[in-house]
Amino acid sequence: MTQVEALIYGFGVAFEYHNLLLCLAGCIIGTLVGVLPGIGPAGALAMLLPVTLSLPPVSAVIMLAGIYYGAMYGGSTTAILINIPGEAASIVTTIDGNRMAQQGRAGPALAIAALGSFVAGTIAVLGLMFVAPPLASVALAFQSPEYVALVILGLTFLSYVSMGSTARAMMMAAAGLLLGTVGNDPVGGVDRFTLGMTDLGGGFGLVPVVVGLFGVSEILVNLYEKDSVRSFTTKIGRLLPTRDDLARSVMPVLRGSGIGFLIGLLPGGNAIIAAILSYAIERRVSKTPERFGNGAIEGVAGPESANNAASISCFVPVLTLGVPTNAIMALLLAALMIHGVLPGPQLINRNPELFWGTIASMHIGNAMLLVLNLPLVGLWVHLLRVPYNYLFPLVLLFCVLGAYTVGNSTFDLFVMIGFGVLGFVMRIAGFEPAPLILAYILGPLLEENLRRALVVSDGTFTMFLERPIALTLLLIAILVPLLSVIAPWFRRVASVVKTSAD
Amino acid sequence: MSVRALSLAFIALWLMLGLYFMLQGLELQLGSISSPGTGFMPFLIGVVLIGFGIMSAIPLLVPAPASEPERLPIQRLRDPAIVVVSMIAYSLALERIGFIASTGVLIVFLTWFVGRTTFLRAAIAGVLATLVCYVVFGLLLGVRLP
């Protein structure tokens with residue numbers, strides 16, 4: 001089956017009426033999650049995972065995927081109108097997007113964000129179509145050393161690119177790995193750190209952990225910071241961008257799409273990093289960088305395209321390797337496993353309806369989101385007027401439903417509360433939850449493969465040196481953080497040499 | 001309490017956990033490098049966690065410049081604390097008194113007491129939210145609710 005034939009087959013799956021409805025539902029929920037600050041896509045996905053249990057796997061993935069990329073669309077609305085990122089990846093959009101709104105140009109900013117997201121989404125889905133199948137063929141040769149190297153690379157990258165200190169991020173990654181060892185030993189099946197509780201036999205449930213860290217903690221932080229009083233007085237005005245706006249946005253959108261797509265492919269890469277990188281590049285290549293921060297439309301077009309492209313290309317590692325690169329993809333992986341679908345290089349051949357159906361649904365979802373976010377933007381704006389004191393008990397209720405119904409156990413509610421408090425303290429103390437959650441998810445994969453690799457190589461580690469892919473991945477994992485330490489030192493030496501030469 | 005003190009306490013907590021997992025790893029059997037045992041990973045990760053924990057703590061222990069340390073306004077913890085206690089009470093009550101009663105009480109209480117709305121508005125919001133969730137999740141989507 002060629003790519004085009006496969007895509008046509010995928011459209012056949014995606015156009016089944018229930019899949020079409022679920023795609024629309026995912027896009028609407030995603031936009032809602034994106035628009036409303038205080039609920040992120042990770043929390044929303046975790047909350048809604050139990051709802052998808054009664055659906056066929058392909059329908060479940062279509063809906064969950066729609067929530068994620070829908071949130072990327074919706075996040076810009078809040079960022080532009082009230083200067084608060086609706087979801088984290090829109091943080092960069094607040095800089096110039098809100099400035100444009102203050103100058104009475106909220107309409108063009110919203111329009112460019114939506115159009116850029118649409119173009120980037122379409123390019124990224126095309127990229128996904130062409131990159132995933134060959135990568136899956138390469139990944140068929142992956143054995144334990146490659147998986148170990150990939151997990152290490154992912155954790156190193158995520159810690160390296162995290163907002164705060166690298167040591168703190170690495171500490172949180174180690175904490176996540178540690179929590180991942182609770183429960184049955186994946187190799188020997190021996191109980192570890194369960195404190196005699198049968199509920200802990202399988203470790204802490206992924207859904208209550210994610211809902212706690214990303215849902216409950218967000219509510220606690222919002223209540224603590226009292227930023228619930230949001231003043232929304234901005235007028236959207238004329239929606240259509242001018243010819244000049246469009247001309248200025250074309251290249252940032254294309255560059256943002258490329259950057260976002262590549263970042264999303266990397267282990268540890270995510271939509272936030274893609275948006276930040278795109279903004280930095282747009283500013284660097286601009287002939288008038290002083291406009292950035294003062295309402296430059298390129299500062300909206302680039303990052304919004306990048307975060308959308310990344311949110312789609314990050315499906316590549318999870319669908320082809322079975323390795324999630326962020327918390328949201330980990331939830332998608334969990335959803336696949338709950339539905340009995342084994343993620344990995346064989347997925348495309350074993351479940352073509354799931355792979356190609358999801359890809360086709362992304363094309364459809366992108367078109368739906370353009371309609372939801374452009375002509376219907378006013379509808380979402382009304383939601384921003386819902387006071388937080390009515391909203392937070394509802395979000396909490398969804399957290400409870402998500403955490404409880406996945407296993408029908410009150411123990412999971414206590415896990416959710418515990419991780420909610422942990423997430424709250426982490427955020428107040430300046431630690432990021434993302435490395436912790438990714439490490440927590442990848443921990444069992446790392447342990448299983450590391451132990452297997454050591455047994456096979458008789459404890460010599462030679463397997464890592466003899467296998468080129470594993471070696472390359474490990475070298476990147478070591479060299480990139482090392483370069484960041486060495487580069488400033490070199491720059492300092494160079495400046496000293498230059499000064500003395502002068 | 002300052003943010004610095006909270007960060008240090010948080011790091012100390014993880015250092016203790018790292019140490020505990022390391023010691024437990026030894027007890028669970030490390031195995032050998034060619035045949036790692038059940039305790040191998042917890043031990044290894046415990047060591048890594050302690051290492052990065054110390055690296056994270058060092059900048060906080062270096063004497064700070066004369067500037068005033070960032071304080072944590074303790075009084076603002078009131079609302080998050082009430083939410084956490086309510087959630088614990090809710091978790092204990094859920095299977096005893098059922099979804100509708102426990103959820104209704106939780107939403108009304110939080111909207112009224114933490115959200116500081118009038119009791120009547122909170123009651124309307126609580127009853128509506130509970131019933132809509134029950135109908136959508138419990139009846140339409142077939143999610144099992146106690």
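How are H3(A) and H18(A) oriented relative to each other? In this predicted model, helix H3 of chain A, residues 41–48, packs on helix H18 of chain A, residues 388–405, at an angle of about 50°, and their axes lie 7 Å apart. H3(A) and H18(A) are therefore oblique to each other, because an angle of that value falls outside the ranges that count as roughly parallel, roughly perpendicular or roughly antiparallel. From H3(A), the contact draws on Ala46(A), Met47(A) and Leu48(A), while H18(A) contributes Phe398(A), Cys399(A), Leu401(A) and Gly402(A). By class, six of the residues in the contact of H3(A) with H18(A) are nonpolar, one is polar and none is charged.

A second helix pair within chain A has another geometry. Helix H9 of chain A (residues 206–225) packs with helix H20 of chain A (residues 433–456) at about 175°, with 11 Å between the axes. Angles over 145 degrees count as roughly antiparallel, and H9(A) is therefore roughly antiparallel to H20(A). On the H9(A) side the contact consists of Leu206(A), Val209(A), Val210(A), Leu213(A) and Phe214(A), and on the H20(A) side of Pro433(A), Ile437(A), Tyr440(A) and Ile441(A). The contact of H9(A) with H20(A) contains nine nonpolar residues, with no polar and no charged ones.

These helices belong to a chain that has 22 helices and two strands. The C-alpha atoms of chain A occupy a box of roughly 70 × 65 × 55 Å along the principal axes. A compact globule of 502 residues would have a radius of gyration near 23 Å, and the 22 Å of chain A agrees with that.

Chain B presents its own architecture. Its secondary structure comprises five helices and two strands, arranged along the sequence in the pattern α-β-β-α-α-α-α. The radius of gyration of chain B is 24 Å, well over the 15 Å that the globule rule gives for 146 residues, so chain B is more spread out than a compact globule. The box filled by the C-alpha atoms of chain B, taken along the principal axes, is roughly 60 × 55 × 20 Å. Chain B is divided into domain 1, covering 3–72, and domain 2, covering 75–140. The C-alpha centres of these two domains of chain B lie 37 Å apart.

The two chains meet through 55 residues of chain B and 49 residues of chain A. On the side of chain B that touches chain A, the elements giving two or more residues are H1, strand S2 (35–36), helix H2 (40–61), helix H3 (78–97), helix H4 (99–114) and helix H5 (119–140) of chain B. H2(B) gives the most to this side, with eleven residues. The side of chain B that touches chain A has 34 nonpolar, 16 polar and five charged residues.

One helix pair shows this contact between the chains in detail. The axes of helix H19 of chain A (residues 410–429) and helix H1 of chain B (residues 3–27) come within 9 Å and cross at roughly 130°, which makes H19(A) oblique to H1(B). The crossing of H19(A) past H1(B) is left-handed. Here Val425(A), Ile428(A) and Ala429(A) of H19(A) meet Val3(B), Leu6(B), Ser7(B) and Phe10(B) of H1(B). The residues of this contact between H19(A) and H1(B) comprise six nonpolar, one polar and no charged.

Technical notes:
Residues numbered from 1 in each chain as written. Chains lettered and ligands numbered in written order. Predicted model: local features only at pLDDT ≥ 70, side-chain atom pairs only at ≥ 80, totals over all residues. Axes fitted to C-alpha atoms, helices over the stretch in contact; angles between N-to-C directions. Helix = DSSP H or I, 4+ residues; strand = E, 2+ residues; numbered from the N terminus. Parallel < 35°, antiparallel > 145°, perpendicular 65-115°, else oblique. Left-handed = near helix turned anticlockwise from the far one by under 90°. Contact = placed C-beta atoms within 7 Å. Nonpolar A, V, L, I, M, F, W, Y, C, P; charged D, E, K, R; others polar. Domains from an automatic or database assignment. Rg over C-alpha atoms; globule rule 2.2 N^0.38 Å.
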